[in-house]
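The following exercises concern the structure shown below. Each task is followed by a solution that proceeds step by step.

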Amino acid sequence: MSSADKNAEASPFSKEGLIAGKKRAFNVVLFLATVSFLCMLYGLYIDFFRSPVVSATYYLTPEEKNTDASSLIDPQPPEKKAIDQNQPSQNAELIAQMEQEKKTMEETAVVLKELVETASEQPVLPESPELQQLQQKKDTEEQEKIIEIAQLQKERDEQENKKLTALNDLEAALAAFESVKAETASVSSDSSKPVQQTNQKKPEEKQTPPKQPEQQKKTEQKNDHSPLKRFPVESYQAELPQPDLIKTTLLDSLPDFSLIKKGTPANAIPLHIIEPLPELQEESRYGKLPVKNENTSAFQAYSRPVDLPPQTPYIAILFAGLGKRTNATEAAINTLPNCVSLSFSPYADKLKTYIADARRTGHETLLDLPMQQGVFPDTDPGPLGLVTGLPEQENRKRLRKVLGQDVAIIGISATANENFSYSGTQMKPFFDEIIQRGLIYVDGTNDPRMPKFKTAIRPDIHIADNFHRAAIRARLEQAKQIALKKGSAFVRVETVPISLLVIEEWIKSFEPTEENPVSEITFVPLSYYVQQKEAKK
């Protein structure tokens with residue numbers, strides 16, 4: 001055999017080398033397993049066969065040779081036996097102690113029961129006089145709120161009944177007008193036909209006894225459904241004029257829109273300030289806000305001066321809500337006398353143009369302040385309106401947006417019949433800001449139950465509904481009687497075409513004539529009325 005073949009056989013990576021290696025490994029594993037098994041057997045033998053047994057050995061002394069056999073069954077040390085001999089006495093003491101504790105617990109239970117019974121009869125915490133006063137005050141306030149709510153509900157029902165009555169009266173008037181028209185047409189048609197005599201007997205008519213004067217008067221009062229009965233005049237005892245709808249025709253009672261002038265009147269005397277003065281303004285993020293300085297204020301600078309004080313009782317008139325209807329706004333600016341003051345809505349598209357035109361025709365100008373009416377959002381005053389429930393900062397921002405319109409105004413007029421100022425504490429910060437900026441504030445109602453600030457201007461007569469000629473004339477006649485009695489009166493009117501025409505006619509009726517060279521009533525701008533009212537205070 002060659003040396004190369006021997007090296008091949010000796011190589012561990014050859015076939016024979018690998019088989020020899022596996023055999024050696026198997027023999028090693030077998031040897032280790034056998035040693036482990038033998039060790040395990042030895043351990044078991046030690047645990048089960050060579051472990052010591054627990055045993056107890058007792059040695060009896062010569063004195064204890066006569067011990068009972070039972071004591072050997074349960075041997076006990078001498079000390080334990082001694083203790084067991086004293087056990088009956090200890091049990092007696094323990095029983096006596098438990099009896100004593102039981103008796104004590106029963107006595108405690110009886111005492112607690114008596115305390116609970118007596119506590120249920122007496123109040124837990126005695127009420128102090130302060131608590132009683134607070135409770136009485138709270139009960140009184142709740143009762144007042146209930147009464148107030150009931151009163152408001154009653155007034156609301158009365159208003160609804162008035163509206164229904166007005167509608168019924170209008171329907172009755174229309175029916176009466178149609179019946180009169182039909183009778184007139186039938187009479188005219190019968191007169192054109194020849195009269196034919198007939199021998200037919202007429203059915204016997206039942207004769208009714210004549211009515212007594214008192215009964216006839218009651219019947220007339222019962223059948224009288226005139227809408228004017230809803231407008232009582234305190235000191236005016238004469239009969240009020242009947243509605244034109246009954247006196248004439250429906251078409252004759254409508255406004256005459258041909259009276260609206262489109263251009264500025266030729267005889268108009270403009271105010272000396274048309275645009276706002278820079279020294280009475282301050283820049284802000286909401287626009288140019290009006291302010292007052294040491295010398296003057298917006299109310300004083302933009303007012304219409306009165307050369308000659310009136311020698312007779314005077315009336316100031318304010319038209320509010322202008323700017324929403326083009327025809328009505330132009331009519332107010334161009335046809336109303338310059339003694340009438342005008343208030344414009346901040347939502348008007350051509351607000352600055354309207355106010356400038358109004359001042360060019362001699363009218364004092366104000367701005368309407370949108371405010372909540374009724375329940376929000378059923379009546380939404382818009383993005384510039386003051387709304388109950390909004391944070392004060394949000395309402396203040398809206399107020400300043402209204403004031404920052406960069407127009408010449410003498411004051412702010414509240415929305416008609418608003419209820420935002422019903423809570424005086426809610427309206428006070430906004431009212432104070434308006435006054436501090438040199439403006440006046442005109443209330444949106446003449447209701448004496450509504451809260452009123454000391455320097456606010458409240459109208460004596462407020463024409464805000466029932467816009468027909470007779471109703472408007474009745475309210476104006478009431479304003480005349482107030483002026484004759486007190487020396488002055490203030491009328492606020494919500495702008496509609498019929499109110500413009502009726503009031504224009506009413507003002508012209510007081511112009512001096514040859515028979516009456518001195519007018520019974522003088523009309524003045526709102527600023528003069530306010531100044532005289534403050535002077536009287």
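**Exercise 1. Place Glu148 in the fold, state its exposure, and identify the charged patch to which it belongs.**

Step 1. Glu148 is part of helix α6, which covers residues 129–191; helices (H or I, at least four residues) and strands (E, at least two) are DSSP runs numbered from the N terminus.

Step 2. The model is predicted: local features need pLDDT of at least 70, side-chain atom pairs count only at pLDDT 80 or more, and totals for chains, interfaces and linings use all residues. Residues are numbered from 1 along each chain as its sequence is written, and side-chain values use heavy atoms, with hydrogens and water left out.

Step 3. Glu148 counts as partly exposed because its relative accessibility is 34%; buried means under 20% relative accessible area, exposed over 50%, and partly exposed in between (1.4 Å probe, protein chains only).

Step 4. Together with Asp139, Glu141, Glu142 and Glu144, Glu148 forms a negative surface patch. Patch residues have over 30% relative accessible area and no salt bridge, like charges being joined within 9 Å and nonpolar side chains (Val, Leu, Ile, Met, Phe, Trp, Tyr) within 5 Å. A salt bridge is a side-chain nitrogen of Lys or Arg within 4 Å of a carboxyl oxygen of Asp or Glu.

**Exercise 2. Describe the surroundings of Glu275.**

Step 1. Glu275 lies in the loop that joins α8 (244–247) to β1 (281–284).

Step 2. With a relative accessible area of 44%, Glu275 is partly exposed.

Step 3. Apart from neighbours within four places in sequence, Glu275 contacts Ala356 and Ala408, where contact means heavy atoms within 4.5 Å.

Step 4. Lys352 is 77 residues from Glu275 along the chain, and their C-alpha atoms are 9.1 Å apart.

**Exercise 3. Which residues make the nonpolar surface patch that includes Phe48?**

Step 1. Phe48 belongs to helix α2 (residues 15–49).

Step 2. Phe48 counts as exposed, because its relative accessibility is 64%.

Step 3. The patch, of about 640 Å², consists of Phe37, Leu38, Met40, Leu41, Leu44 and Phe48.

**Exercise 4. Is helix α10 largely enclosed or open?**

Step 1. Helix α10 spans residues 326–335, and eight of its 10 residues are buried, so the helix is largely enclosed by the rest of the structure.

Step 2. The buried residues are Ala328, Thr329, Glu330, Ala331, Ala332, Ile333, Asn334 and Thr335.

Step 3. These buried residues pack against β3 (314–322), β4 (341–344), α11 (351–360) and α15 (497–508).

Notes. Accessible areas come from the Shrake-Rupley method with a 1.4 Å probe; for residues, only the protein chains shown count as cover. Lys and Arg count as positive and Asp and Glu as negative; His and the chain ends are not counted. The place of a charge is taken as NZ of Lys, CZ of Arg, CG of Asp or CD of Glu.
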